[in-house]
There are 2 protein chains.
Amino acid sequence: MGYDASTLPDVSGLTVGIIGGTGDQGRGLAYRFARAGLSVLVGSRSAERAVQSAQEIAALPGVPAGTGVDGGDNVDVSTRSDIVIIAVPWDGHAATVGALREPLAGKIVIDCVNPLGFDKQGPYALKVEEGSAVQQAAALLPESRVAAAFNHVSAPLLADPEIDRIELDVLIATEDREVAGVVAALTATIPGMRGIYAGRLRNAHQIEAFTANLIAINKRYKAHAGVRVTDV
Amino acid sequence: MGYDASTLPDVSGLTVGIIGGTGDQGRGLAYRFARAGLSVLVGSRSAERAVQSAQEIAALPGVPAGTGVDGGDNVDVSTRSDIVIIAVPWDGHAATVGALREPLAGKIVIDCVNPLGFDKQGPYALKVEEGSAVQQAAALLPESRVAAAFNHVSAPLLADPEIDRIELDVLIATEDREVAGVVAALTATIPGMRGIYAGRLRNAHQIEAFTANLIAINKRYKAHAGVRVTDV
């Protein structure tokens, strides 16, 4: 009953779209999935910027020749992808997600957005009316299958071509056990990572908010901290 | 600048009091500190029950002969201890902590209480007016030096005499860097554990609430899950 990667579904044939794929987190995830040989679509408000970013990612070290990495605007990418990751700034989250209700209908949507504020004492969790970013996405996308995941993954680690393995766990919050399996399988395409089911959407807030703690840890210990779940 | 146990203060001469020391979490922590040879005081509303619990803990496997393990009521234990851990149920937290303002003045107080509710869908984080249990403690104990820690430590692991090492990190939230060092040193007396500074008190809520996620993980993977911070 522990974590067993061999029981996860096959996601090698799926196309992963990343809304906000030109930002640090989205770009880093796009790179890692492309490196794993998955078809990746980089989404942005500007199709032109997305295509340029996709071309840059395809040329990065470790991406197998022939891997499909393409770009498009957010609607186009949502339409053409099987799984879509939301990686936009919290500021534009509701507007961006709400505009994609139709193209995201029936799809798996992974939200990795962390609603944080910053002041002179550092980062802190923002209050979100729906409870969390992923619950806001679930409210705006009633026909989609929504999960939170990849909230804690350090963008500098994702982007560094010298790093082969990223040793951490991705915490997955969702109402849908099948979605949890697909997200865990997607996570497992990145060497070193495990996707661990970590509760329902109502318990996603603290996963998102914990990013503020990771930032405090990074500052104190000069690290790119992540989380590993013990005894699993 | 990473975690370095050799830089932590010496806590071997300190007396650790545990309010709620007859409960599962408190009793487990008392056992581990006694096993490490620290002087431990078990606190309870009933001095009699506390003394009985202390005698039982002193007789458990691995506690060095001559280790001071004694019991008393909560006021007595608060008065006689250098560091006091609050390990009471959330229900009685405000009343218990508020009554100890005077004996806890000037002392280091570690709050490990998690405000959780349970319904048919499992555990969830309760709203706390002050933001978190530890912030409530800080408000009630203005003369004390307050930290959150030990929120995620599994009581069954603490209690199991067959388990020598408990491999996880204790996340420490506090405003006081010196307190963070003392709590980290106390944590390091339990083999396998590290105490990691994880931010200010305003970012303690998500540490407490994350216990709901650990309970979900335990259920899904049949584990006693904890957290290890990666890259530190």
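How many of the 17 residues of H8(A) are buried? I will come back to that, but I should say at the outset that this is a predicted model, in which local features need pLDDT of at least 70 and side-chain atom pairs count only at pLDDT 80 or more, while totals for chains, interfaces and linings use all residues. Residues are numbered from 1 along each chain as its sequence is written, chains are lettered from A and ligands numbered from 1 in the order in which they are written, and side-chain values use heavy atoms, with hydrogens and water left out.

Let me begin with the two chains. Chain B is superposed on chain A, by least squares on the C-alpha atoms of residues with pLDDT of at least 70 in both, by a rotation of 180° with 0.0 Å of shift along its axis, and the RMSD is 0.0 Å. The two copies are thus related as by a two-fold rotation axis. Because 100% of the interface residues of chain B are also interface residues in chain A, the copies meet through the same surface.

Next, the sheet in chain B. Strands here are DSSP runs (E, at least two residues; helices are H or I, at least four), numbered from the N terminus, and two of them pair if DSSP finds at least two bridges between them. Eight strands form an open sheet with mixed pairing, in the order S3-S2-S1-S4-S5-S8-S9-S10. Its edge strands, each pairing on one side only, are S3 (69-73) and S10 (193-197) of chain B, and the twist averages 25° from one strand to the next.

Within this sheet, S5 (residues 108-111) and S8 (residues 145-148) of chain B are parallel and share four bridges; B:Ile108 has B:Arg145 as its bridge partner, and B:Ile110 stands opposite B:Ala147. S8(B) and S9(B), by contrast, run antiparallel and are joined by two bridges, with B:Ala148 partnered by B:Ala173.

Finally, the helix. H8 (residues 205-221) of chain A lies across S9 (168-174) and S10 of chain B, running at about 95° to S10(B), where axes are lines fitted to C-alpha atoms, for helices over the stretch in contact (heavy atoms within 4.5 Å), and angles run from 0 to 180 degrees between N-to-C directions. To answer my opening question, 13 of the 17 residues of H8(A) are buried, so the helix is largely enclosed by the rest of the structure; buried means under 20% relative accessible area, with a 1.4 Å probe and protein chains only. A:Lys222, which follows H8(A), has a positive phi, near 50°.

Note on methods:
Buried means under 20% relative accessible area, exposed over 50%, partly exposed in between (1.4 Å probe, protein chains only).
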